[in-house]
Each structure stands twice: as C-alpha cells, then as structure tokens.
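Work through these exercises with the structure open. Try each task before reading its solution.

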Amino acid sequence: MTSLNAAIIGCGAIHRNHVDALRLLPDVDLRAIADVDTPKGEHLAQRYGCRFYRDYQEMLLAHDIDVVHICTPHYLHKPMIMAALAAGKHVFSEKPVAMSGGDIAEIRHAAYASTGRLGVCYQNRVNPTSQTIDALLTAGTLGEMHSIKAILTWSRGDAYYRDSDWRGWFATEGGSLLINQAIHTLDLMQWFGGGVRRVKGVVDNATLNEVTEAEDSAMATFEFHNGARGLFYASNAHVTDSPLLLEIHCQHGTLRLQDNILWLLTGDGQRELARDTAPDGGKSYWGTGHQQAIAHFYHALRHPTADGVMDLDAAACSLQLVEAIYRSSQLRRWINLTDVID
Ligand SMILES: NC(=O)c1ccc[n+]([C@@H]2O[C@H](COP(=O)([O-])OP(=O)(O)OC[C@H]3O[C@@H](n4cnc5c(N)ncnc54)[C@H](O)[C@@H]3O)[C@@H](O)[C@H]2O)c1
C-alpha cells in the first residue's frame, strides 16, 4: 500500500476528529500542522510528534506532505484549497468548500489544473442511517417520493461565538446557522431528494443577535426536481443539541430518522433499519462519520476509480442551497437554484 503523509491547517475544535481519524488509517502519517496560534500549535505538534508551521504557505512547500486537511475559518477555505492544489497536494477540506456559490468556478479551475484531488467533509453522508436511506431510495422500493421534512434544533450561545472570533460574522463565517450547522442537513435533503429545483425561505435572528450578526434560525420550503416538497426548519437558539429529525414520505412507506435511529413506517407498523453511534467522546450531533469520510478519501487517493468521495460538485449543491435561502429571504420570493449556480 502506498504510504501517504498528511498535514492539517487549523488546530481548533474540529481538527481533533481529523487527527483521530488519521491515526486509525494504515500507512498514513501526520507529518505537520499549521496554525497562527504559535503556543497552541507548538504544544500540539509535540503531542502528535510532528512539525509545526506558523505559516501554512511554508508548509505547502514541504515535499514530504501528500494530503492537506483544511480545518480553518470559512473565509480561509477557498484561498487555502487553491494554494494547496497549486502546490500539487491532495486536499480534504472541512465544509463549506467556500463562502459563496460564486467561488466554486475558481476552485474548479484550480482543481482541474492540479494533480491533487479535492474532497469535502460532509461526514453525515456516510452515517449508516444515511447510507441505508440512499440505498432504499436508489432501489425505488418505496415508490414515488412525496416529501422530505427536516428539523434541526441546536444550541449555540455566547461562549461558542466568543471562543472563535471568526464565528458570527458575514465576512469570516459567510452567515451563521445555515452555512455552518444546517448545511449538513441541507446537503442530506438535497441528496435524498435528488436535487432542489427552487426554494422559498426566510432567516431571522431573534435570540442570538448580540453574538452573531447573521441568522440564528431559518425555515424554507423546497421543490425537488422529482416533484416532492421539502420542509426545513433549523435553529441555533435551542437549549440543547437535539438529534436531527428527518422524515421522507414515499408512496409505500415513511422513513423516519429520530434520535439517530432510522425507522421504516408502513401500514404494517414500524421497524428499525439502522442506527448511528458516536465513537467514544464524539459529539454525536456532529454526526459520527469523520473517521469513515476520511478513510474513504484516502482509499480514493489510492484507488482513483473508487467513488464515495464528496467532491466539489457534490459540495457545491448545499452551498448553493444556503445561498438561495439567503437570497429568497432578502427578496421574499422563490429562487431557482439555476440562478445561483456558477
Ligand atoms: N464537519 C463538522 O461536523 C464540523 C464540525 C465543527 C466545525 N467544522 C468546520 O471546521 C472548520 C473549523 O471550525 P472550528 O470550530 O474547528 O474552528 P476553530 O475556531 O475552533 O478553529 C480554527 C483554527 O484555525 C486557526 N487559524 C485561523 N487562521 C489561520 C491561518 N491563517 N492559518 C492557520 N490556522 C489558522 C485558528 O487559530 C484555530 O486554531 C470550519 O469550517 C467549521 O465549519 C465542521
């Protein structure tokens, strides 16, 4: 097996999931980390037994690094992805791939020009429940799809926004609830529904307006290409992090994801189909799939024809949906997704 050497840019809250995932992969070595916080970076590098760089650009010059993980604030994703691709590295970036659908074309250009491959972290797609839903919908046994409903209520308070100064600002986060937390739910909805034709939505900031200038809640109605309707509600102003509630109503039954368990409801009753379990100490509401999503990416690097990697086109869909909801809220009308596609 070809050995691959990894590096991580940004050593905040999420980077630990990447470190843990890398440690479990055979023939993968974490060679370096980069962060602008020197004391933190030096301390972590010592703990991980790797090099530390304050300047990620300098790290990209290193010949012994094959894969770069990007775990930084949203406004840095696009320049860092493009710089890493230009340096010939493979890139695994945290979501969102950029802050606007308009950035996708430039990133695509950089990806075409590079020998590196780009993957984006939407780890909820590899959850056992998501995989089961996808397999059932692909097989078509549930018949025509009528609607998808999703409700996401999490808790993000003062401490969360004040812990990291980029959160809560349009310039650095690109929004708030939709582009950061709910983007995973929007991705699942548009994936299960086979793509959204148009959306009408509204965003509001009723509770967290002292800590974020962007939205703390949002609701939207979608029209999928398959004719089904989507109903979406999300808020960061709940008092706790409730597991996602998602229902897919089809001609021959309803799929219900509740408390991380997937149920199939039919006229004969209900039965459990799959469940997601968090690894020890993991935050189950983030989804449990970082390990698997990262393992898929490294597998695909070694087997270029393998599928299962969230590439740029897949990652662009949820970003465009986020943008369409913002635009719809501003203009108070339906927005066609083709109008926000690059
Ligand atoms: N997939 C998920 O479920 C999930 C969960 C949480 C966060 N995330 C994503 O992970 C990313 C990071 O979020 P976080 O919560 O870990 O943020 P964070 O603020 O905790 O960490 C960001 C880190 O980046 C560093 N940084 C900032 N500028 C830098 C630069 N120029 N060069 C190098 N390092 C720099 C900061 O010092 C900090 O250590 C975001 O894209 C977020 O949306 C994803």
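The exercises below cover a predicted model.

**Exercise 1. Place histidine 77 and decide whether it is buried or exposed.**

Step 1: find the element. Histidine 77 sits in helix α4, which covers residues 77-86.
Step 2: check accessibility. Histidine 77 has 0% relative accessibility. Buried means under 20%, so histidine 77 counts as buried.
Step 3: list the contacts, leaving out residues up to four places away in sequence. Histidine 77 touches Ile70, Thr72, Ser93, Glu94, Lys95, Pro96 and Val97.

**Exercise 2. Describe the largest nonpolar core and say where it lies.**

Step 1: recall the background. In soluble globular proteins, nonpolar side chains tend to be buried together.
Step 2: find the hubs. The largest nonpolar core has 75 residues, and those touching the most other members are Val97, Leu178, Val199, Phe222, Phe232, Leu246 and Ile248.
Step 3: find the main contributor. Helix α12 (residues 312-331) gives the most to this core, 10 residues.
Step 4: locate the core. Domain 1 (4-121) and domain 2 (124-285 + 311-339) both supply residues, so the core lies between them.
Step 5: look for another. A second, separate core of 29 residues includes Leu4, Leu22, Leu25 and Ala300.
Step 6: examine one hub, again leaving out residues up to four places away in sequence. The contacts of valine 199 include Phe222, Leu321, Ala324, Ile325, Ser328 and Trp334.

**Exercise 3. Characterise α12: its span, its burial and its two ends.**

Step 1: take the span. α12 has 20 residues and reaches 28 Å from its first C-alpha to its last. That is close to the 28 Å expected at 1.5 Å a residue.
Step 2: assess burial. Of the 20 residues of α12, 15 are buried, so the helix is largely enclosed by the rest of the structure.
Step 3: inspect the N-terminal end. Aspartate 311 caps α12 there. A side-chain oxygen of aspartate 311 lies 3.3 Å from the backbone nitrogen of aspartate 313.
Step 4: move past the other end. Arginine 332 follows α12 and has a positive phi, near 55°.

**Exercise 4. Which residues are closest to the ligand, and which polar contacts does it make with isoleucine 14, aspartate 35 and histidine 74?**

Step 1: survey the surroundings. The ligand is surrounded by 27 residues, and the closest are Asp35, Lys40, Gln123, Ser164 and Arg167.
Step 2: take the backbone contact. A ligand oxygen is 2.9 Å from a polar backbone atom of isoleucine 14.
Step 3: take the side chains. A ligand oxygen is 2.6 Å from a side-chain N or O atom of aspartate 35. For histidine 74, a ligand oxygen is 2.8 Å from a side-chain N or O atom.

Definitions and conventions:
Residues are numbered from 1 along each chain as its sequence is written. This is a predicted model: local features need pLDDT of at least 70, side-chain atom pairs count only at pLDDT 80 or more; totals for chains, interfaces and linings use all residues. Side-chain values use heavy atoms; hydrogens and water are left out. Helices (H or I, at least four residues) and strands (E, at least two) are DSSP runs, numbered from the N terminus. Buried means under 20% relative accessible area, exposed over 50%, partly exposed in between (1.4 Å probe, protein chains only). Contact means heavy atoms within 4.5 Å. A nonpolar core is a set of buried Ala, Val, Leu, Ile, Met, Phe, Trp, Tyr and Cys residues joined through side-chain atoms within 4.5 Å. Domain bounds come from an automatic or database domain assignment. The expected span of a helix is 1.5 Å times one less than its number of residues. A polar contact is a pair of N or O atoms within 3.5 Å; within protein, one must be able to donate a hydrogen and the other to accept it, and residues adjacent in sequence count only if both atoms are side-chain atoms. A residue is near a molecule or strand if one of its heavy atoms lies within 4 Å of it.
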